[in-house]
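Keep the sequence and the model side by side. The text below goes from one buried residue to the sheet, and then to the ligand.

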Amino acid sequence: MDCLFCKIIAGEIPSTKVYEDEQVYAFRDINPMAPVHVLIIPKLHLASANEITPENAAVVAHIFQVIPQIAAAEGLTGGYRVITNCGPDACQSVRHLHFHLLGGCQMSEKMV
Ligand code: AMP
């Protein structure tokens with residue numbers, strides 16, 4: 001499968017890993033939008049939030065258990081924002097489900 005994030009998980013494309021377990025891989029975004037900008041992805045290839053089903057939703061729940069651990073490790077004591085872009089209207093550019101973890105600064109009230 002020609003998927004950038006599957007290649008990152010496989011180690012075929014370099015990344016700066018911040019967390020990994022059997023189900024999840026997390027790494028620094030190459031074009032950070034905040035002082036801390038981590039991408040958290042399931043190792044299972046799901047193209048977007050549209051592909052979350054009752055059968056695979058446990059991995060998403062697991063990601064949301066891991067996010068506070070990563071946020072704490074990154075020192076995000078003041079809070080953080082989690083975003084997933086789904087589809088062209090949201091400007092999703094990589095078709096592998098991912099959650100942006102953003103923090104380390106005061107964010108705008110605009111958008112979300
Ligand atoms: P999205 O626009 O929501 O699909 O987010 C995709 C994200 O992947 C963007 O924030 C990119 O900066 C990031 N990205 C693309 N290629 C890489 C890469 N090789 N390593 C780390 N982050 C990447």
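**From a histidine to the ligand**

Start at histidine 98. Leaving aside residues up to four places away in sequence, histidine 98 touches Phe5, Leu39, Ile40, Ile41, Ile83, Thr84 and Gln92. This is a predicted model. Histidine 98 sits in the loop between E4 and E5. Is histidine 98 buried or exposed? Its relative accessibility is 4%. Buried means under 20%, so histidine 98 counts as buried. Its side chain also has a polar partner: one of its polar atoms lies 2.6 Å from the backbone oxygen of histidine 96.

Glutamine 92 is on the contact list of histidine 98. Glutamine 92 lies in the loop between E4 and E5. With a relative accessible area of 13%, glutamine 92 is buried. What does its side chain reach? One polar contact goes to the backbone nitrogen of glycine 87, at 2.9 Å. Another goes to the backbone oxygen of valine 94, at 2.9 Å. Again leaving aside residues up to four places away in sequence, glutamine 92 touches Ala47, Ser48, Asn85, Cys86, Gly87 and His98.

Now look at cysteine 91. Cysteine 91 is found in the loop between E4 and E5. Its relative accessibility is 61%. Exposed means over 50%, so cysteine 91 counts as exposed. The backbone of cysteine 91 deserves a look too. Its phi is positive, at about 65°, although cysteine 91 is not a glycine. Most residues other than glycine have a negative phi.

Step back to the sheet. How many strands does the open sheet have, and in what order? There are five, in the order E1-E2-E3-E5-E4, with antiparallel pairing. Strand E1 (17-20) and strand E4 (80-83) are the edge strands, and each pairs on one side only. From one strand to the next, the twist averages 20°.

Take the E1 edge. E1 and E2 form a hairpin, with three residues between them. The two strands pair in the antiparallel sense over three bridges. One pair to find in the model is tyrosine 19 with its bridge partner in E2, alanine 26.

Take the E4 edge. E4 pairs with strand E5 (residues 99-103) in the antiparallel sense, over four bridges. Here valine 82 has leucine 101 in E5 as its bridge partner. In a regular strand, side chains alternate between the two faces of the sheet.

A helix lies across these strands. Helix H2 (residues 57-73) lies across E1, strand E2 (24-28), strand E3 (36-42), E4 and E5. H2 runs at about 155° to E3.

Finish at the ligand. Which residues come nearest to the ligand? Of the 16 residues around it, the nearest are Asp29, Asn85, Ser93, His98 and His100. Histidine 98, the starting point, is one of them. Backbone atoms also make polar contacts with the ligand. A ligand nitrogen is 3.1 Å from a polar backbone atom of isoleucine 30. A ligand oxygen is 3.3 Å from a polar backbone atom of cysteine 91. At serine 93, a polar backbone atom is 2.7 Å from a ligand oxygen. Taken alone, the ligand exposes 500 Å², and the protein buries 83% of that.

Technical notes: Residues are numbered from 1 along each chain as its sequence is written. This is a predicted model: local features need pLDDT of at least 70, side-chain atom pairs count only at pLDDT 80 or more; totals for chains, interfaces and linings use all residues. Side-chain values use heavy atoms; hydrogens and water are left out. Two strands pair if DSSP finds at least two bridges between them. Axes are lines fitted to C-alpha atoms, for helices over the stretch in contact, and angles run from 0 to 180 degrees between N-to-C directions. Contact means heavy atoms within 4.5 Å. A residue is near a molecule or strand if one of its heavy atoms lies within 4 Å of it. A polar contact is a pair of N or O atoms within 3.5 Å; within protein, one must be able to donate a hydrogen and the other to accept it, and residues adjacent in sequence count only if both atoms are side-chain atoms. Accessible areas come from the Shrake-Rupley method with a 1.4 Å probe; for residues, only the protein chains shown count as cover. Buried means under 20% relative accessible area, exposed over 50%, partly exposed in between (1.4 Å probe, protein chains only).
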